[in-house]
Amino acid sequence: MNNNKEPETGNLNISGLKQGIVIDHIQAGGAMKIYEYLNLEKLDCTVAIIKNAKSNKMGKKDIIKIEGPLDMDLNVLGVLDHKLTINIIEDNKIVAKKKLELPEVVTDIIKCKNPRCITSVEQELPHSFKLTDRTKRIYRCVYCESKFKGN
């Protein structure tokens, strides 16, 4: 185990990542959900998932390291876990840290669980949700108004 201390990543070191993205401060046990939502299994690059890493802030946390550039809006992850931090890595160094903001609308990130919703019948329709309460992180389906509350 590497004992080098780096800010915001506990005992873990990002030195093995020359260029890429580190999704940090994931609620312990939440990394696989984010992995699935981002469809990381379809990427042709190295993806590392660290589960239950020690964290001074959180006790335990998960971390995802993605090698290379990632061409997508990561703010949608704020719907799943608003405490996430996105670290942009270049030349083995953190060059930017981003706190996520809740997007006004998210599409195909969360799914409507209402069996009567049109998205249950019309499978090709996108699952779209609109932010209705920023403080409580509540989204509602644009078709049926069913509620989704983020972490």
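Reader: In the hairpin of E7 and E8, which residue takes a positive phi?
Author: This is a predicted model, in which local features need pLDDT of at least 70, side-chain atom pairs count only at pLDDT 80 or more, and totals for chains, interfaces and linings use all residues. Residues are numbered from 1 along each chain as its sequence is written, while side-chain values use heavy atoms and leave out hydrogens and water. Strands (E, at least two residues) and helices (H or I, at least four) are DSSP runs numbered from the N terminus. The hairpin has four residues between its strands, and the residue with a positive phi near 55° is Arg-137.

Reader: Does Arg-137 count as buried or exposed?
Author: Arg-137 lies in the loop between E7 and E8. The classes rest on relative accessible area, with buried meaning under 20%, exposed over 50% and partly exposed in between (1.4 Å probe, protein chains only). Because its relative accessibility is 17%, Arg-137 counts as buried.

Reader: What is the phi of Asn-92, which is not a glycine?
Author: Most residues other than glycine have a negative phi. Asn-92, found in the loop between strand E4 (85-90) and strand E5 (93-99), is partly exposed with a relative accessible area of 36%. Its phi is positive, at about 65°.

Reader: What is the order of the strands in the open sheet of four?
Author: Two strands are taken to pair if DSSP finds at least two bridges between them, and in this sheet the pairing is antiparallel. The open sheet runs in the order E6-E7-E8-E9.

Reader: Which strands are the edge strands, each pairing on one side only?
Author: Three bridges join E6 to E7, and four bridges join strand E7 (residues 128-133) to E8. The edge strands, each pairing on one side only, are E6 (105-107) and E9 (147-149).

Reader: What is the average twist from one strand to the next?
Author: The sheet is the open one with antiparallel pairing. Axes are lines fitted to C-alpha atoms (for helices, over the stretch in contact), and angles run from 0 to 180 degrees between N-to-C directions. From one strand to the next, the twist averages 30°.

Reader: Which residue in E8 is the bridge partner of Phe-129?
Author: Two further pairs help to place this one: Thr-107 has Ser-128 as its partner in E7, and Lys-130 has Arg-140 as its partner in E8. For Phe-129, the bridge partner in E8 is Cys-141.

Reader: What is the relative accessible area of the buried Cys-141?
Author: Cys-141 is in strand E8 (residues 138-141). Not counting residues up to four places away in sequence, Cys-141 touches Cys-112, Cys-117, Ser-128, Phe-129 and Ser-146, where a contact means heavy atoms within 4.5 Å. Cys-141 is buried, its relative accessible area being 1%.

Reader: Which cysteine holds the closest cysteine sulfur to that of Cys-144?
Author: A disulfide is a covalent bond between the sulfur atoms of two cysteines, assigned here to a pair of cysteine sulfur atoms within 2.5 Å, and by this rule the count comes to zero. Cys-144 is partly exposed, with a relative accessible area of 25%. The sulfur of Cys-144 is 3.6 Å from the closest cysteine sulfur, which is too far for a bond, and that sulfur belongs to Cys-112.

Reader: How many residues does the largest nonpolar core have?
Author: A nonpolar core is a set of buried Ala, Val, Leu, Ile, Met, Phe, Trp, Tyr and Cys residues joined through side-chain atoms within 4.5 Å. Those with the most contacts inside the largest core are Ile-23, Ile-34, Leu-77, Ile-110 and Tyr-139, and Ile-34 touches residues including Ile-23, Ile-26, Ile-64 and Leu-77. The number of residues in this core is 31.

Reader: With which residue does the side chain of Asn-87 make a polar contact?
Author: Asn-87 is found in strand E4 and, at 1% relative accessibility, counts as buried. A polar contact is a pair of N or O atoms within 3.5 Å; within protein, one must be able to donate a hydrogen and the other to accept it, and residues adjacent in sequence count only if both atoms are side-chain atoms. At 3.3 Å, the side chain of Asn-87 makes such a contact with the side chain of Lys-97.
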